[in-house]
Amino acid sequence: RNKTKTERKSEWNRETLLGGVFCGIALFLGSLFQQLGFTDPEVTAGKSAFVTALYIVFTPLLGLFLGKKVPLRVWLCIAAAGVGMYLLCMQEGTGLSKGSLLVIGCAALFAVQMLTVDRQVNNLNPVLLSSMEFLTAGLFACVGMFIVETPRMSDILAAALPILYSGLVSCGVGYTLQTVGQRNAEPTMASLILSLESVVGAIGGWMLLGETLSLRQIFGCAVIFAAACYA
């Protein structure tokens with residue numbers, strides 16, 4: 001608020017635009033994979049939240065390509081999370097479902113998004129970076145909507161509440177706070193804090209949607225959460 005008009009205008013530079021585009025593409029693809037995962041009846045809200053939390057191990061793993069060192073305990077957590085994922089997602093006689101694979105891909109893409117934010121946010125205005133990120137993700141989503149669907153205003157109005165919540169609160173507020181917070185937090189630490197969404201997702205699925213998990217799946221959730229916390 002204390003910046004002059006000229007200073008604010010200068011912040012809309014090439015780095016902000018390109019950084020926002022890269023972050024937006026990763027956000028769009030991650031969100032797309034997550035929602036496509038829900039087309040599989042085996043993927044519940046609670047299960048999706050726990051599998052999505054695998055970005056906590058994908059983040060340091062992908063960080064290797066950026067020259068970031070990964071301690072031994074993280075490798076151990078990757079192995080433990082893999083065991084938990086097997087217990088949670090593998091169905092007897094069916095193997096790993098297509099929906100679960102899509103959510104795993106979502107976790108990897110969210111890890112890419114966090115690493116991209118980490119590389120950009122220290123030198124840029126985080127709110128402007130987020131704005132460009134959401135604009136990019138929104139444009140890609142609109143193009144995809146008209147390619148693979150037949151949008152009707154009546155359908156959009158019928159789903160207005162979840163659309164507004166996802167767009168304004170989950171994405172708009174949540175990811176903006178993430179971007180601002182990552183100015184003073186390493187991406188691995190940020191992914192650790194954000195992994196708490198797995199707990200909220202499981203509790204929310206139980207309280208609001210009446211979802212249940214078998215003992216085997218609960219144990220898998222516990223292993224994934226333990227690996228996320230220890231990492």
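Helices here are DSSP runs of at least four residues, numbered from the N terminus, and in this predicted model that numbering places Thr 179 in helix 9, which covers residues 160–181. Before following that residue into its surroundings, it helps to set out the chain as a whole.

The secondary structure of the protein chain comes to 12 helices and 2 strands, and read from the N terminus the order of elements is α-α-α-α-α-β-β-α-α-α-α-α-α-α. For 231 residues a compact globule would be expected to have a radius of gyration near 17 Å, and the value for the protein chain, 18 Å, agrees with that expectation. Along the principal axes, the C-alpha atoms fill a box of roughly 60 × 50 × 30 Å. Of the contacts in the protein chain with a separation of 6 or more, 87% are accounted for by residues 24 or more positions apart.

Buried residues make up 38% of the 231 residues, while the accessible surface comes to about 13300 Å², with 69% of that area belonging to carbon and sulfur atoms. As for charge, the chain carries 15 positive and 13 negative charges, whose mean positions are 10 Å apart.

Helix 6, residues 98–120, is a useful place to enter the interior. Its 23 residues should span 33 Å at 1.5 Å a residue, and the end C-alpha atoms are indeed 33 Å apart, which agrees. Because 17 of these 23 residues are buried, helix 6 is largely enclosed by the rest of the structure. Gly 99 lies in this helix and, at 1% relative accessibility, counts as buried. Leaving aside its neighbours within four places in sequence, Gly 99 is in contact with Gly 37, Asp 40 and Val 43. By contrast with these contacts, Gly 99 and Ser 10 are 89 residues apart in sequence and lie 44 Å apart in space, C-alpha to C-alpha.

Helix 7, residues 126–148, can be read in a similar way. Its 23 residues should also span 33 Å, and its end C-alpha atoms, 33 Å apart, agree with this. The buried residues of helix 7 are Pro 126, Leu 128, Leu 129, Ser 130, Met 132, Glu 133, Thr 136 and Ala 137. In an α-helix there are 3.6 residues a turn, so residues three or four places apart point the same way. The buried residues of helix 7 pack against helix 2 (14–37), helix 6 and helix 9.

Two threonines show parts of this packing at the level of single residues. Thr 136, in helix 7, has a relative accessible area of 6% and is therefore buried; beyond its neighbours within four places in sequence, Thr 136 is in contact with Gly 20, Val 21, Gly 24 and Ile 25. Thr 179, in helix 9, is buried with a relative accessible area of 0%. Apart from neighbours within four places in sequence, Thr 179 is in contact with Val 117, Val 121, Pro 126, Leu 129, Ser 130 and Glu 133.

Leu 66 offers a view from a loop, the one between helix 4 (55–63) and helix 5 (72–89). With a relative accessible area of 36%, Leu 66 is partly exposed, because that category lies between the 20% and 50% cut-offs. Leaving aside its neighbours within four places in sequence, Leu 66 is in contact with Leu 115 and Arg 119. The C-alpha atoms of Leu 66 and Met 132, 66 residues apart along the chain, are separated by 23 Å.

Conventions: Residues are numbered from 1 along each chain as its sequence is written. This is a predicted model: local features need pLDDT of at least 70, side-chain atom pairs count only at pLDDT 80 or more; totals for chains, interfaces and linings use all residues. Side-chain values use heavy atoms; hydrogens and water are left out. The radius of gyration is taken over C-alpha atoms; the globule rule is 2.2 Å times the number of residues to the power 0.38. Buried means under 20% relative accessible area, exposed over 50%, partly exposed in between (1.4 Å probe, protein chains only). Contact means heavy atoms within 4.5 Å. Accessible areas come from the Shrake-Rupley method with a 1.4 Å probe; for residues, only the protein chains shown count as cover. Lys and Arg count as positive and Asp and Glu as negative; His and the chain ends are not counted. The place of a charge is taken as NZ of Lys, CZ of Arg, CG of Asp or CD of Glu. The expected span of a helix is 1.5 Å times one less than its number of residues.
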